[in-house]
Amino acid sequence: SARVSSGPWLSLSLLSLEETMSAHGRGDVQLIDLRDVRELERDGTIPGAFNAPRGMLEFWADPESPYHKPAFATEKPLVLFCALGWRSALAARTLKEMGFENVAHLDGGFSGWKKAGGPVVPLPVEAPKPSKD
(Lines give C-alpha, C1' and ligand atoms only; values in the text may rest on other atoms or scores of the structure.)
Protein backbone atom coordinates (compact mmCIF):
# COMPACT_ATOMS: atom_id res chain seq x y z
CA SER A 1 0.00 0.00 0.00
CA ALA A 2 1.32 3.41 -0.95
CA ARG A 3 2.35 5.70 1.87
CA VAL A 4 1.31 9.35 1.78
CA SER A 5 4.50 11.36 1.46
CA SER A 6 4.86 14.12 4.01
CA GLY A 7 5.96 16.72 1.44
CA PRO A 8 2.75 18.15 -0.03
CA TRP A 9 0.84 17.57 3.20
CA LEU A 10 2.94 20.06 5.13
CA SER A 11 1.61 23.08 3.26
CA LEU A 12 -1.66 21.60 1.97
CA SER A 13 -4.59 22.37 4.18
CA LEU A 14 -7.46 21.48 1.84
CA LEU A 15 -7.82 17.99 0.35
CA SER A 16 -10.15 17.23 -2.54
CA LEU A 17 -12.81 14.55 -2.22
CA GLU A 18 -10.93 12.41 -4.77
CA GLU A 19 -7.62 12.66 -2.88
CA THR A 20 -9.31 11.91 0.43
CA MET A 21 -11.31 8.95 -0.91
CA SER A 22 -8.19 7.49 -2.47
CA ALA A 23 -6.06 7.91 0.69
CA HIS A 24 -8.94 6.60 2.86
CA GLY A 25 -9.28 3.54 0.62
CA ARG A 26 -5.57 2.76 1.10
CA GLY A 27 -5.75 3.38 4.86
CA ASP A 28 -3.17 6.18 4.54
CA VAL A 29 -4.99 8.82 6.62
CA GLN A 30 -6.77 9.17 9.95
CA LEU A 31 -10.12 10.89 9.39
CA ILE A 32 -11.38 13.05 12.25
CA ASP A 33 -15.13 13.79 12.29
CA LEU A 34 -15.73 17.10 14.08
CA ARG A 35 -19.52 16.96 13.95
CA ASP A 36 -21.50 16.60 17.15
CA VAL A 37 -23.18 13.36 18.14
CA ARG A 38 -26.65 14.53 17.00
CA GLU A 39 -25.28 15.00 13.46
CA LEU A 40 -23.66 11.56 13.53
CA GLU A 41 -26.83 9.88 14.81
CA ARG A 42 -28.85 11.55 12.05
CA ASP A 43 -26.43 11.19 9.11
CA GLY A 44 -23.87 8.47 9.94
CA THR A 45 -20.13 8.90 9.45
CA ILE A 46 -17.21 7.78 7.27
CA PRO A 47 -15.95 4.26 8.12
CA GLY A 48 -12.89 4.42 10.38
CA ALA A 49 -13.35 8.11 11.23
CA PHE A 50 -12.65 9.13 14.81
CA ASN A 51 -15.33 11.41 16.26
CA ALA A 52 -13.83 14.41 18.05
CA PRO A 53 -16.53 17.03 18.63
CA ARG A 54 -15.11 20.46 17.79
CA GLY A 55 -15.40 21.67 21.39
CA MET A 56 -13.11 18.86 22.61
CA LEU A 57 -10.50 18.98 19.83
CA GLU A 58 -7.70 20.83 21.62
CA PHE A 59 -8.12 18.73 24.80
CA TRP A 60 -8.12 15.44 22.88
CA ALA A 61 -5.29 16.37 20.49
CA ASP A 62 -2.83 17.73 23.08
CA PRO A 63 -0.51 14.89 24.20
CA GLU A 64 0.00 16.68 27.54
CA SER A 65 -3.75 16.79 28.24
CA PRO A 66 -5.31 14.26 30.62
CA TYR A 67 -8.05 13.91 27.94
CA HIS A 68 -5.61 13.04 25.10
CA LYS A 69 -6.94 10.46 22.60
CA PRO A 70 -4.61 8.00 20.80
CA ALA A 71 -6.20 8.76 17.39
CA PHE A 72 -4.19 11.99 17.42
CA ALA A 73 -0.86 10.22 18.14
CA THR A 74 -0.77 8.52 14.72
CA GLU A 75 1.99 9.00 12.15
CA LYS A 76 -0.70 9.19 9.47
CA PRO A 77 -1.86 12.57 8.22
CA LEU A 78 -5.00 13.80 9.98
CA VAL A 79 -7.86 14.78 7.67
CA LEU A 80 -10.55 16.72 9.49
CA PHE A 81 -14.12 17.04 8.29
CA CYS A 82 -17.41 18.52 9.43
CA ALA A 83 -20.71 18.92 7.59
CA LEU A 84 -19.62 21.50 4.98
CA GLY A 85 -15.99 22.44 5.68
CA TRP A 86 -16.17 25.56 7.87
CA ARG A 87 -15.48 24.01 11.27
CA SER A 88 -12.82 21.72 9.82
CA ALA A 89 -10.95 24.63 8.19
CA LEU A 90 -10.68 26.42 11.54
CA ALA A 91 -9.85 23.18 13.36
CA ALA A 92 -7.06 22.32 10.90
CA ARG A 93 -5.56 25.76 11.45
CA THR A 94 -5.80 25.25 15.23
CA LEU A 95 -4.00 21.89 15.07
CA LYS A 96 -1.26 23.41 12.89
CA GLU A 97 -0.83 26.17 15.48
CA MET A 98 -0.55 23.42 18.14
CA GLY A 99 2.38 21.92 16.21
CA PHE A 100 0.68 19.20 14.15
CA GLU A 101 2.31 19.18 10.72
CA ASN A 102 0.33 16.61 8.70
CA VAL A 103 -3.13 18.15 8.94
CA ALA A 104 -5.64 18.82 6.19
CA HIS A 105 -9.38 19.19 5.91
CA LEU A 106 -11.85 17.68 3.48
CA ASP A 107 -13.13 19.96 0.75
CA GLY A 108 -16.94 19.87 0.83
CA GLY A 109 -17.08 18.11 4.18
CA PHE A 110 -19.28 15.12 4.95
CA SER A 111 -22.04 16.47 2.68
CA GLY A 112 -19.69 16.44 -0.32
CA TRP A 113 -18.39 12.98 0.61
CA LYS A 114 -21.93 11.59 0.78
CA LYS A 115 -22.98 13.26 -2.51
CA ALA A 116 -19.89 11.80 -4.23
CA GLY A 117 -20.92 8.30 -3.14
CA GLY A 118 -18.27 7.88 -0.44
CA PRO A 119 -18.90 5.07 2.04
CA VAL A 120 -21.05 5.98 5.05
CA VAL A 121 -21.82 3.90 8.11
CA PRO A 122 -24.42 4.47 10.81
CA LEU A 123 -23.22 5.52 14.23
CA PRO A 124 -23.09 2.41 16.45
CA VAL A 125 -26.16 2.46 18.66
CA GLU A 126 -25.50 1.94 22.35
CA ALA A 127 -27.47 -0.89 23.92
CA PRO A 128 -30.32 0.42 26.08
CA LYS A 129 -29.52 0.41 29.78
CA PRO A 130 -31.60 -2.07 31.79
CA SER A 131 -34.30 -0.27 33.74
CA LYS A 132 -34.28 -0.56 37.52
CA ASP A 133 -37.91 -1.47 38.17
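This text goes through a predicted model, beginning with strand β5 and moving outward to helices α5 and α2.

Strand β5 covers residues 103-106 and has neighbours on both of its faces: V103 and H105 on one side, and A104 and L106 on the other, are all buried. In a regular strand, side chains point alternately to the two faces of the sheet. Two strands pair with β5. Strand β1, residues 14-15, runs parallel to β5 and is joined to it by 2 bridges; here L14 has H105 as its bridge partner. Strand β4, residues 78-81, is also parallel to β5, with 3 bridges between them. On this side L80 stands opposite H105. From β4 the chain passes through helix α5, residues 86-97, to reach β5, and this β-α-β crossover is right-handed.

Helix α5 is the connecting element of that crossover. Its 12 residues should span 16 Å at 1.5 Å a residue, and the end C-alpha atoms lie 17 Å apart, which agrees. The buried residues of α5 are S88, A91, A92, T94 and L95. Viewed down the helix axis, these buried residues fall within an arc of 160 degrees, so they line one face of α5. An α-helix has 3.6 residues a turn, so residues three or four places apart point the same way. The buried residues of α5 pack against α4 (57-61), β4 and β5. On the other side of the helix, W86, R93 and E97 are exposed. Just after α5 comes G99, with a positive phi of about 105 degrees.

Helix α2, residues 17-26, contains T20. Is T20 buried or exposed? Its relative accessibility is 0%, so T20 counts as buried. Setting aside neighbours within four places in sequence, T20 is in contact with L15, L31, V79, L106 and W113. Of these contacts, L106 is one of the buried residues of β5. T20 and A104 are 84 residues apart in sequence, yet their C-alpha atoms are 9.7 Å apart in space.

H24 also has its place in helix α2. A polar atom of the H24 side chain lies 2.8 Å from the backbone oxygen of P47. Not counting residues up to four places away in sequence, H24 touches V29, L31, I46, P47, W113 and P119. L31 and W113 thus appear among the contacts of T20 and among those of H24.

Conventions. Residues are numbered from 1 along each chain as its sequence is written. This is a predicted model: local features need pLDDT of at least 70, side-chain atom pairs count only at pLDDT 80 or more; totals for chains, interfaces and linings use all residues. Side-chain values use heavy atoms; hydrogens and water are left out. Helices (H or I, at least four residues) and strands (E, at least two) are DSSP runs, numbered from the N terminus. Buried means under 20% relative accessible area, exposed over 50%, partly exposed in between (1.4 Å probe, protein chains only). Contact means heavy atoms within 4.5 Å. Two strands pair if DSSP finds at least two bridges between them. A crossover is right-handed if, with the strands pointing away from the viewer, the path from the first strand over the helix to the second runs clockwise. A polar contact is a pair of N or O atoms within 3.5 Å; within protein, one must be able to donate a hydrogen and the other to accept it, and residues adjacent in sequence count only if both atoms are side-chain atoms. The expected span of a helix is 1.5 Å times one less than its number of residues. The arc is that of the directions from the helix axis to the C-beta atoms.
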